[in-house]
Amino acid sequence: MDDGERVEWSELPKELLPTIGKNLDTRIDIVRFRSVCNTWRSSIPLFHSNSPRFPLIFPSPYPALTPLRTPAYLCQSTIYRLQSLNTSSTSSNKARLIKVEQDSNSGGKFRLFDPISNRRTRYPSKTLNFFDFRVVELTKAYTLRYQLRAGSSTSTNEIEQVLSVSDISIFGVNKVVMFPNSPWTNVNASAAFVIFNDGKLGFAKSGDEELILVDRNSFDYDDIIVYKGQFYVINSLGIVSWIDQSSLKLVQFLPPLCGLGSQKHLVESCGALYVVDRYLDRERRRVENDAFYMGGEDCAESIGFKVYRFDEEWGRWELNESLGDQAFVLGNDCCFSVMAKELSGYKRNCIYFTDQNETRVFSLEDNSFGYLSYFEDSHPSWLLPNLL
């Protein structure tokens, strides 16, 4: 090839296309890849024939108390960063965050949620066309739900009804993570860990009928994350362990964090692992019995946060006084970080979270708290009027 000679994407050798396409890990990137031209579209399928199709039937953490003996369902949502391609339509072309839950079993129907509070939202127009936006997938989140219907019969053919009628999140399930999960993943190779009953750690694979209790000696796990392809879990004492998936053994990753806060959160930011230690004004109310809850909230209120970063070179936790240009989101079902200056409604060096069903923000700059409604431009304006 001569210097300066350019080759059109559509003219790349056909034998390279499947190799390129199957290195794409997100569905939105595969859709973009297939939309280049007919040749690219035919080079790879939209997903593996046996990839996870959500919602998935999943063993309930409370099988004896499941309403109407219906199974639990593992539902997946994806958090995207959307930026309008029409720069003249708005005064600011900063990106927005949106959380989308799509039902693969019912023609691709989707529901929208606020990424911080996880409250249902409605998009202002009748359709949400991703081709109108520059779209980046940030992370995935998982939740377990029961499905209440008239009658007690539930079959595999009824899965497609799961997102079309009212459903109930399983109270007492604190966190669910699944890995691996991509359009090329065989569902039988995926595994999920669940923190439930305010501290128990359970495990299941696709097709399992019961959760396996991973640790019968400790019931105080706060959070779990997939970091660099590995499951890590943290307990209320600040001990971080990685989980050997083959043996389900927990291996202490580092010396205890020794944070004095009431609740620990694991966050990945810019390739590094962080712990956010949340301080509450009273002791957390933990579920002591394997009971089924239809609802209820812990009344404890957040009064402070400290952030620790794992220093890989020295193998220790270091107190982080600032997040720089990043902002952390402590969602109900996932924690993640964003570059605040790229987003409308987010401020640098802040932590966004919910307390008693209210969305709040904590600034590490001056250790101040606020409610989002008190901050100018503190939340995407196109979501607020449509919160259910």
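A residue counts as exposed when its relative accessible area is over 50% and as buried when that area is under 20%. Keep these cut-offs in mind during the tour, and remember that the model on your screen is predicted.

Begin by selecting Asn-367, which sits in the loop between strand 23 (358-363) and strand 24 (368-371). Is this residue buried or exposed? Because its relative accessibility is 55%, Asn-367 counts as exposed. Its backbone deserves a look as well, since phi of Asn-367 is near 55°, a positive value in a residue other than glycine. Most residues other than glycine have a negative phi. The loop belongs to the hairpin of strand 23 and strand 24, which has four residues between the strands.

Now extend the selection to strand 23 itself, where five of the six residues are buried, so that the strand is mostly covered. Towards strand 24 the pairing is antiparallel and runs over four bridges, and here you can find Arg-360 standing opposite Tyr-371 of strand 24. Strand 23 also pairs with strand 22 (residues 350-355), again in the antiparallel sense, over six bridges, with Cys-350 opposite Ser-363 of strand 23. In the hairpin that joins strand 22 and strand 23, two residues lie between the strands, and Gln-356 takes a positive phi near 50°.

Next, select Asn-197, in the loop between strand 9 (191-196) and strand 10 (200-205). Phi of this residue is near 55° and therefore positive, although the residue is not glycine. Asn-197 is buried, because its relative accessible area of 4% falls under the cut-off of 20%.

Two prolines make the next stop. Where along the chain is Pro-180 found? Pro-180 is in the loop between strand 8 (173-179) and strand 9, and the peptide bond that leads to it from Phe-179 is cis, with omega near -10°. The bond from Phe-54 to Pro-55 is cis too, with omega near 0°, and Pro-55 has its place in the loop between helix 3 (38-43) and strand 1 (56-58). Most peptide bonds are trans.

From here, move to the open sheet of four strands, whose order is 12-13-14-15 and whose pairing is antiparallel. Strand 12 (221-227) and strand 15 (249-252) are the edge strands, each pairing on one side only. On average, neighbouring strands of this sheet are turned by 30° against each other, with direction ignored. Strand 12 and strand 13 (residues 230-235) pair over six bridges, and Tyr-221 stands opposite Asn-235 in strand 13.

The tour ends with the cavities, of which there are two of 30 Å³ or more. To find the largest, which holds about 80 Å³ of space, select Leu-56, Phe-58, Met-178, Lys-205 and Ser-206, which lie nearest its centre among the 13 residues of the lining. Which strand gives the most to this lining? Strand 1 does, with three residues, while strand 9 and strand 10 each supply at least two. By class, the lining of the largest cavity has nine nonpolar residues, three polar and one charged.

The second largest cavity has a volume of about 40 Å³, and its lining includes Cys-75, Lys-99, Glu-101, Arg-145 and Asp-333. Strand 2 (72-84), strand 3 (96-103) and strand 6 (133-147) each give two or more residues to this lining, and the largest share, three residues, comes from strand 6. The lining of the second largest cavity divides into three nonpolar, three polar and four charged residues.

Notes
Residues numbered from 1 in each chain as written. Predicted model: local features only at pLDDT ≥ 70, side-chain atom pairs only at ≥ 80, totals over all residues. Heavy atoms only, no water. Pairing = 2+ DSSP bridges. Axes fitted to C-alpha atoms, helices over the stretch in contact; angles between N-to-C directions. Buried < 20%, exposed > 50% of the residue type's maximum accessible area, 1.4 Å probe, protein only. 1 Å grid on protein atoms, 1.4 Å probe; cavity = no way out; pocket = protein on both sides within 12 Å on 5 of 7 lines; lining within 4 Å. Points joined across faces, edges and corners; volume = space filled by probe spheres on them. Nonpolar A, V, L, I, M, F, W, Y, C, P; charged D, E, K, R; others polar.
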